[in-house]
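Q: Please take a close look at one helix of this protein and at how the rest is arranged around the core.

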Amino acid sequence: MVTTEVFENLKSLQEILVQKYELEGKKNDAPKQLSNQEDLLAKTQKEFIELKSTYDETQEQVTKLKAQLEEAVKAREEGEKGVANSTTHREYEALEKQISEAKIHEEQYRKDLQHEEKDLAELNERLKNSEDLIKFQETELNSSKESLNKELASYDQKLSKLKTEEDKVTKNINMIYAGEENAELKAQEILFKFQRIIQRNSEGIVSVRNGVCSGCHMILPANFANEVREGEDINFCPYCSRILYYEEVSEDQQEDYFDMGVAGSLAGLDEDFEDEDSEEREDEDEEIKSEFDDEDEIDDEDSEDAEDEDDEDSDDEDDDNEDEE
Ligand SMILES: [Zn+2]
């Protein structure tokens, strides 16, 4: 049967695509590792610029004070020289006043200058520290970038290997349809749908057991389940859109799957086909399952050991299915 061959290839393709999407996700997220370091560096650089501007202002203030001090000293010295040569009392008094004023200014400027120069030295020290920190953070960031590039290169290498495998399987599927009408279109459509399902669910091809889709646990319409069984064509689950293939189930297993089917179809009532909040849905599944577990316990009290074993098996199956989702 042609479809069996398609199913086998789709299962291989599924393995490839799951790895591919996982790697692509990692590749997208990887650069985010640097954002912390980049933020830190940007912060230090901003602090440095602010510090530098304060330093420049202080430096200007120091230069201005030095000039003022020089003038005050000059005024005092000139006054002192003048006093020695003064001829009138009035001239003498004016010069004395000039000297005392100059002294007051001189003293104030020296005090201010001392203060500003101390600030300047401190700022200079902080600037040096900030500069060192920037260099350090730049080095760290560069080494992170280097290892990120290695990481990205390894992802690319794996991805290109997967691409080769994907192309091979895709080619196989195209070949299978080659004889049919609109072959290319048909294969393309199947592949496109399949990729989209896997991007959302990580499982694009699932079995039908006892008329139940093992992807979403919904009971399929009987005539549709028969079509899947006949395997003439590719069928998509009407509830979860996964590709379906039929799996025969031995009779003693049937009861388990029936239980699972009922639980699953109840869970499926709330199911969002987009499967975007699958976590939430798992919780719902959990709740419904535990309800059924409770019922099982009540049944178990009246039932025989053999049925207990069956129930355990059924629980295991449920767990497996959760993991797959
Ligand atoms: Zn389904």
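A: **Helix H2 and its surroundings**

Helix H2 covers residues 35-85, which is 51 residues; at 1.5 Å a residue it should span 75 Å, and its end C-alpha atoms are indeed 75 Å apart, so the two values agree. The expected span is 1.5 Å times one less than the number of residues in the helix. This is a predicted model, in which local features need pLDDT of at least 70 and side-chain atom pairs count only at pLDDT 80 or more, while totals for chains, interfaces and linings use all residues. Residues are numbered from 1 along each chain as its sequence is written.

The buried residues of H2 are Leu65, Ala72 and Gly79. Buried means that 20 or more other C-beta atoms, placed from the backbone, lie within 10 Å of the residue's own. H3 is among what covers these residues of H2. In the protein, buried residues make up 18% of the 325 residues.

H2 belongs to a protein with eight helices and four strands. Helices (H or I, at least four residues) and strands (E, at least two) are DSSP runs, numbered from the N terminus. From that end, the order is α-α-α-α-β-β-α-β-β-α-α-α.

The largest nonpolar core has 27 residues, of which Val208, Cys213 and Leu244 touch the most other members. Such a core is a set of buried Ala, Val, Leu, Ile, Met, Phe, Trp, Tyr and Cys residues joined through C-beta atoms within 7 Å. H1 gives the most to this core, with five residues. Beyond its neighbours within four places in sequence, Leu244 is in contact (C-beta atoms within 7 Å) with Val206, Val208, Cys213, Val228, Asn235 and Cys237.

Technical notes: Buried ≥ 20, exposed ≤ 12 C-beta atoms within 10 Å, placed from the backbone. Contact = placed C-beta atoms within 7 Å.
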